[in-house]
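User: Could you take a close look at one part of this model for me, the place where paired strands lie side by side, and then say how other parts of the chain are arranged? I am in my first year, so please go slowly and explain each step.

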Amino acid sequence: MVPSTFEFRLPDSLQHYRLDVRISDSDLFSVYQAWDSKLQRTVLIHAIRYMAAGSISDGASDDHSLNLLYLQRARQVAALQHPAFSRIHALEEFDRYFILITEAIQGKSLVDLVQRSALDTELALKYVRHLATALHEAHAVGLVHGNLHNANLVQDNLGMLRMSSIEFVLHQSIDLRIDGLPECSPSDPRRDVYSLGLLLLALVTGRFSHPAQVSPQDMALSWPDKLPQEIRKLIVDMTTQQAEQFLTSQQVIERCSQILSEYFHSTTSSAINLPKLKQDLQEMRNQRRRHTLAITALLVVLTGVGIWQLPTYFPKLISYLTPFSESNELAQAARDLTEYTYKTDAKLLDAAEAHLQKILQRNSEHAAAVAYTSILYLSKYNAEKRDEIWFQKAKAGAQRAMTLNGELAISLIAQAKVLQWHHRLDEALDLSSRARKLDPDNLLAWHSQVSVLLEMRQFSEAIPLAMEGANKFPRDRYLLDLQGGMYLSQKKFNEAEAVLNTSLQRQPDSPLAYSLLAECLTLQERNVEALRVIQQGLQVRPNVNLYSALANAKFRAGEYADAAAAFSQTVSRDKGVAGSYLRWFEYAESLMWVEGRENDAVQAYQRALELLDIRFSRSPDDATLLSIKSMIMARLNDFPQATTLANRTIARKSEDPYVHFWLAYTFELLQQREQALAELKLSKHFGIPNQMLETHPGLRSLREDPRFASL
């Protein structure tokens with residue numbers, strides 16, 4: 001058993017929590033109600049014991065894999081967006097325990113709410129749809145509650161039905177014996193749908209039972225007389241014994257919405273409830289009176305305490321008096337996110353988040369606000385240390401937005417951006433194209449579609465689209481920057497230079513345009529001009545792209561120590577992107593050519609590998625990731641792994657010149673000169689800049705081979 005309260009000790013970092021009472025005990029974990037003295041709130045502390053191999057049915061083989069499993073699930077649960085889930089505040093590891101601190105939901109249990117009397121049928125359906133929407137979000141990322149029943153559900157003080165989230169982490173539910181479903185394991189999402197069906201039955205009949213205590217014969221109980229046939233069929237379908245007929249959580253949402261629309265939202269005059277309408281109107285009048293009294297009281301307080309206190313209370317008064325406009329808040333959030341595309345200032349993300357939260361606090365199922373929040377989280381992931389929590393939040397938000405309204409342009413854009421990070425480019429292109437057709441005035445849709453086409457190297461389609469968008473949005477410069485980058489890839493230097501200068505005319509503090517223009521000048525061997533452009537950009541707005549451009553210019557000039565110094569800025573927490581595998585890879589490669597920095601280079605390669613593996617786990621067949629990982633493994637002297645990865649890269653038949661360049665470099669390190677020359681020839685065929693082939697120090701020996709000149 002887990003130690004009792006007086007035996008269990010919190011680590012020093014959690015001493016601001018006071019353990020008040022132990023709520024439950026099991027072989028796996030104990031739960032304590034505690035008081036957070038810092039934030040002055042009640043929380044739940046779950047002390048989860050490390051388990052021995054084979055103690056749970058998740059396929060984990062040892063303590064270490066189980067620990068990783070708990071950690072992965074906790075991170076996934078923390079990223080869930082739906083308000084039905086109890087929130088995870090913190091996770092610590094201490095003395096053979098995972099300590100999970102969660103929200104303590106205040107309210108009434110579902111059993112107390114119903115009190116053995118059936119709920120209003122409409123409310124019951126809304127509750128079930130609410131829970132099904134939450135479960136759909138969890139199922140989409142591979143999480144299953146597995147122990148959903150009335151004891152785990154609480155109506156909070158705002159009237160919302162909430163569920164405990166700890167089950168998602170542990171998957172330790174009672175094993176339901178459902179005839180016809182022999183594979184209904186604790187990790188099977190059908191278990192949640194089945195339990196939700198039993199819950200709906202309980203809500204409309206007032207008869208609660210634990211899922212393990214309900215047999216199929218219970219379905220034969222007499223239904224309430226006024227229960228619509230469609231609801232009876234829904235319950236039967238959710239609890240069917242035929243595996244092939246089992247409903248998904250998404251289907252439950254759709255069925256509930258359809259029934260609610262048909263039976264409870266009629267717009268005919270006969271359906272109007274006049275007494276209820278009068279009651280609502282009276283409540284609105286009362287609310288206005290309360291608002292007027294509150295404002296009057298606040299003004300009296302301001303007058304009473306003296307005019308010198310006005311600065312303290314005036315912002316609150318203005319906030320209270322300012323009318324809330326959902327459309328204005330959404331439009332401002334969209335403007336902030338678009339502006340962030342030009343100026344990567346974290347304050348813009350904070351401002352956008354504040355606007356979106358105002359909407360979501362009033363309507364947690366506002367699809368557009370959920371979608372924009374997903375894009376915001378992805379921007380935070382991209383800008384900071386690449387904390388996976390932000391990516392998981394973005395992914396969960398995009399999936400939830402699609403569930404709420406899959407035909408909304410911004411929902412499609414959010415999902416496309418997540419898929420692009422997964423390198424599922426065909427799907428991302430389809431969604432971003434649909435979004436642009438649905439809402440041609442949404443600039444983010446244009447940005448999304450052009451950036452996906454660029455990554456797919458479909459320049460013939462992307463460049464005209466970028467030009468069209470740049471003309472449609474005369475203040476936008478990002479489409480011009482993308483267009484300039486594509487011209488660079490095609491070695492169309494005059495076109496690239498013209499487009500990038502136009503971008504800088506539109507917005508003189510555009511760091512991406514400065515860095516691309518510098519690259520354009522460098523590739524034309526106009527090195528002095530390139531350095532001048534970089535320095536100008538750094539004076540206007542220091543940015544990771546500009547530091548990278550400076551580092552690459554120094555590297556090509558053979559000034560490796562200066563290049564390493566500039567690359568170090570690209571991975572710093574204050575000036576760069578500390579979580580970018582590519583920045584760490586470039587930094588490591590520059591260190592390799594600085595005398596006495598070989599050990600630092602190895603550490604940088606190892607850091608690059610750690611970060612790359614996160615992306616690699618999402619996109620294991622991506623040619624770019626495969627080629628760079630093969631190169632890193634060769635640098636770390638893992639030649640068998642490097643060879644395997646290189647061969648997998650070749651099988652992808654990429655047309656990206658840099659993929660073939662890194663393959664050539666890898667084979668050169670593996671002392672396979674014939675293969676290195678073959679890949680270098682492909683790299684040149686697909687458009688690698690000649691300057692890179694002629695200046696990279698890793699190819700010195702290869703350049704001395706007579707065959708190099710004939711490539």
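**Strand E3 and its partners**

Analyst: Ile45 stands opposite Ile101 in strand E5, and this pair is a good place to begin reading the model, which is a predicted one. The pair belongs to a longer pairing, in which 7 bridges join E3 to E5 (residues 97-103), and the two strands run antiparallel.

E3, which covers residues 41-49, also pairs with strand E2 (residues 29-36), and here 8 bridges join the two strands, again in an antiparallel arrangement. Within this second pairing, Val31 stands opposite His46 in E3. If you follow the chain from E2 into E3, you pass through a hairpin that has 4 residues between the strands, and in that hairpin Gln40 takes a positive phi near 55 degrees. E3 is thus a strand with two partners to trace, E2 through 8 bridges and E5 through 7 bridges.

Turning from strands to helices, we can look at how helix H3 (residues 121-140) lies against helix H13 (residues 388-404). Two packed helices are described by the angle between their axes and the distance between the axes. For H3 and H13, the axes come within 10 Å and cross at roughly 135 degrees, which makes H3 oblique to H13. The crossing in which H3 passes H13 is right-handed. On the H3 side the residues in contact are Thr133, His136, Glu137 and Ala140, and they meet Ala396, Gln399, Arg400, Thr403 and Leu404 of H13. Sorted by class, this contact has 3 nonpolar, 4 polar and 2 charged residues.

A single residue elsewhere repays the same patient reading, namely Arg583, which sits in helix H24 (residues 581-591). With a relative accessible area of 15%, Arg583 counts as buried, because the cut-off for that word is under 20%. Leaving aside residues up to four places away in sequence, Arg583 touches Val544, Asn545, Ser548, Thr570, Val571 and Val577.

To set these parts in their wider frame, the secondary structure of the protein comes to 31 helices and 8 strands. Of the 711 residues in the protein, 52% are buried. Finally, when contacts between residues at least 6 apart in sequence are considered, 60% of them join residues at least 24 apart.

Technical notes
Residues numbered from 1 in each chain as written. Predicted model: local features only at pLDDT ≥ 70, side-chain atom pairs only at ≥ 80, totals over all residues. Heavy atoms only, no water. Axes fitted to C-alpha atoms, helices over the stretch in contact; angles between N-to-C directions. Parallel < 35°, antiparallel > 145°, perpendicular 65-115°, else oblique. Left-handed = near helix turned anticlockwise from the far one by under 90°. Contact = heavy atoms within 4.5 Å. Nonpolar A, V, L, I, M, F, W, Y, C, P; charged D, E, K, R; others polar. Pairing = 2+ DSSP bridges. Buried < 20%, exposed > 50% of the residue type's maximum accessible area, 1.4 Å probe, protein only.
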